[in-house]
Amino acid sequence: MVKKTLVAAAAITLSTFALSSCGNGSEADSGSDSSGNDDGTITMGFAQVGAESGWRTANTKSIQETAEAEGIELKFNDAQGKQENQIQAIRSYIQQKVDVIAFSPVVETGFDAVLQEAKAAGIPVILTDRAVDVEDPSLYETFLGSDFVLEGERAGDWLVENAKDSDVNGDGTINVVQLEGTTGAAPAIDRAEGFASKISADDSIEVTASQTGEFTRDGGKQVMESFLQSDDSIDVVFAHNDDMGLGAIEAIEAAGLEPGKDIKIITIDAVKDGMTALADGKINFIVECNPLLGPQLMDLAKKVLDGEEVPERVVTDEGTFTQEQAIEALPQRQY
Ligand code: AHR
């Protein structure tokens with residue numbers, strides 16, 4: 001790997017290409033071709049999932065701001081939640097001969113071919129936030145992000161510990177409805193798995209319905225509305241992210257019920273809006289998922305391009321929040 005010398009001048013190139021017109025990346029991105037850069041500037045192509053949640057907005061901001069601060073030229077693409085867009089963006093980065101590709105996969109599977117193309121072109125790939133399920137682990141250099149199974153476990157642990165208070169209907173059974181993230185996405189699969197593994201310790205806790213809300217506020221609201229129409233014995237909502245939990249709050253209030261009391265709510269992320277709802281007592285518990293991956297990502301990219309060894313997995317440090325902890329943390333919350 002060629003050793004890169006960083007220049008101070010920052011240049012973020014936001015991809016402006018219309019995804020619909022970038023067949024195999026051939027017409028994609030008007031940004032400069034970094035292969036011709038003799039000044040040592042690192043060019044990173046970043047393929048983002050979309051802008052589905054407050055978490056994602058904070059994640060994008062962290063990546064863009066860190067690239068700018070570190071003088072890394074960032075080519076950024078928003079896949080609008082579609083895997084095919086993301087694959088097109090990665091192909092376009094390969095064609096442009098960027099130095100390194102980073103991406104947060106929309107879903108876990110289906111990336112083998114495009115990652116093989118990147119490998120054949122000699123362009124290292126770093127996974128951020130979400131993992132992929134590929135046969136050959138040498139198709140990417142490293143993964144940076146959360147332990148989503150652990151996040152689900154933390155949510156399940158809280159419910160088991162607070163089972164008595166969570167039996168709102170007082171019938172001895174804790175009926176949980178689950179708002180899943182995007183089907184096939186690592187956080188949706190892993191959080192459901194971690195949660196299920198912990199609640200299995202208590203026979204009175206049962207997931208009675210589970211459906212995707214696509215990690216969006218609107219999706220969470222719509223799914224919760226349909227859950228409320230078909231079941232009047234819901235005790236708990238487990239939402240795979242804050243935004244879906246916030247959507248569920250709207251549906252619960254519209255149904256004349258009090259979120260946090262008539263129906264307990266557990267979410268994951270701990271973005272400002274979620275933390276505010278927790279401080280207000282509308283959410284009961286939040287498991288943190290840290291979106292501020294920019295600094296670690298740029299550091300890993302430099303190491304990879306310098307030919308340094310990097311760990312296979314770099315897992316971010318995270319915690320959990322009760323109402324009291326949210327009230328204390330909110331004034332300093334960055335996102
Ligand atoms: O992959 C991280 C998840 O994706 C976050 O929990 C969610 O808010 C986002 O959409």
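**Exercise 1. The pair K119 and D136**

Task: Determine how far apart the closest N and O atoms of K119 and D136 are, and establish which parts of the chain the pair ties together.

Solution. In this predicted model, K119 forms a salt bridge with D136, and their closest N and O atoms are 3.9 Å apart. The pair meets the salt-bridge criterion because a side-chain nitrogen of Lys or Arg has to be within 4 Å of a carboxyl oxygen of Asp or Glu. The next step is to place the two partners. K119 belongs to helix α3, whereas D136 sits in the loop between β5 (125-128) and β6 (142-145), so the bridge ties together parts that are 17 residues apart in sequence. The last step concerns exposure. K119 has a relative accessible area of 43% and is partly exposed; D136, with 29%, is also partly exposed.

**Exercise 2. A second salt bridge of helix α3**

Task: Identify the partner of R91 in a salt bridge, and state the helices in which the two residues lie.

Solution. The partner of R91 is E117, with 2.7 Å between the closest N and O atoms. R91 is located in helix α2 (residues 83-95) and E117 in helix α3 (residues 112-120); the pair, 26 residues apart, links distant parts of the chain. Exposure is then assigned from relative accessibility. A value between 20% and 50% counts as partly exposed. R91, with a relative accessible area of 22%, is therefore partly exposed, and E117, at 31%, is therefore partly exposed as well.

**Exercise 3. A salt bridge within one helix**

Task: Explain why the placement of D299 and K303 in helix α10 lets their side chains point the same way.

Solution. D299 and K303 form a salt bridge whose closest N and O atoms are 3.2 Å apart. Both residues lie in helix α10 (residues 294-305), and their separation of four residues is about one turn of the helix. An α-helix has 3.6 residues a turn, so residues three or four places apart point the same way. Both partners are partly exposed: D299 has a relative accessibility of 36%, and K303 has 28%. Beyond such pairs, salt bridges that share partners join E52, R56, D129 and R130 into one network. The structure holds 18 salt bridges.

**Exercise 4. Residues around the ligand**

Task: List the residues around the ligand, and then specify the side chains with a polar atom 2.8 Å or 2.9 Å from a ligand oxygen.

Solution. The surrounding residues are E52, S53, W55, R56, D129, R130, F148, P187, R191, F215, N241 and D269. Three polar approaches can then be set out:

- The side chain of D129 has an N or O atom 2.8 Å from a ligand oxygen.
- The side chain of R191 places a polar atom 2.9 Å from an oxygen atom of the ligand.
- The side chain of N241 has an N or O atom 2.9 Å from an oxygen atom of the ligand.

**Exercise 5. Helix α8 and D242**

Task: Compare the span of helix α8 with the expected value, decide whether the helix is mostly covered or uncovered, and describe the surroundings of D242.

Solution. Helix α8 (residues 242-254) contains 13 residues and reaches 18 Å from its first C-alpha to its last, close to the 18 Å expected at 1.5 Å a residue. The helix is mostly covered, since ten of its 13 residues are buried. Among them are D242, D243, M244 and G245. Just after α8, G256 adopts a positive phi of about 80°.

D242, a residue of α8, is buried yet has no salt bridge: R333, the nearest side chain of opposite charge, is 7.5 Å away. A polar atom of the D242 side chain does lie 2.8 Å from the backbone nitrogen of A270. Apart from neighbours within four places in sequence, D242 contacts T267, I268, D269, A270, V271, G274 and I286. D269, one of these contacts, is also among the residues around the ligand.

**Exercise 6. The chain as a whole**

Task: Characterise the protein chain by its helices and strands, its buried share and its contacts.

Solution. The protein chain has eleven helices and 13 strands. Of its 335 residues, 54% are buried. Among contacts between residues at least 6 apart in sequence, 75% join residues at least 24 apart.

Key
Residues numbered from 1 in each chain as written. Predicted model: local features only at pLDDT ≥ 70, side-chain atom pairs only at ≥ 80, totals over all residues. Heavy atoms only, no water. Expected span 1.5 Å × (residues − 1). Buried < 20%, exposed > 50% of the residue type's maximum accessible area, 1.4 Å probe, protein only. Lys, Arg positive; Asp, Glu negative; His and termini not counted. Polar contact = N/O pair within 3.5 Å; in protein donor to acceptor, adjacent residues only side chain to side chain. Contact = heavy atoms within 4.5 Å. Near = heavy atom within 4 Å.
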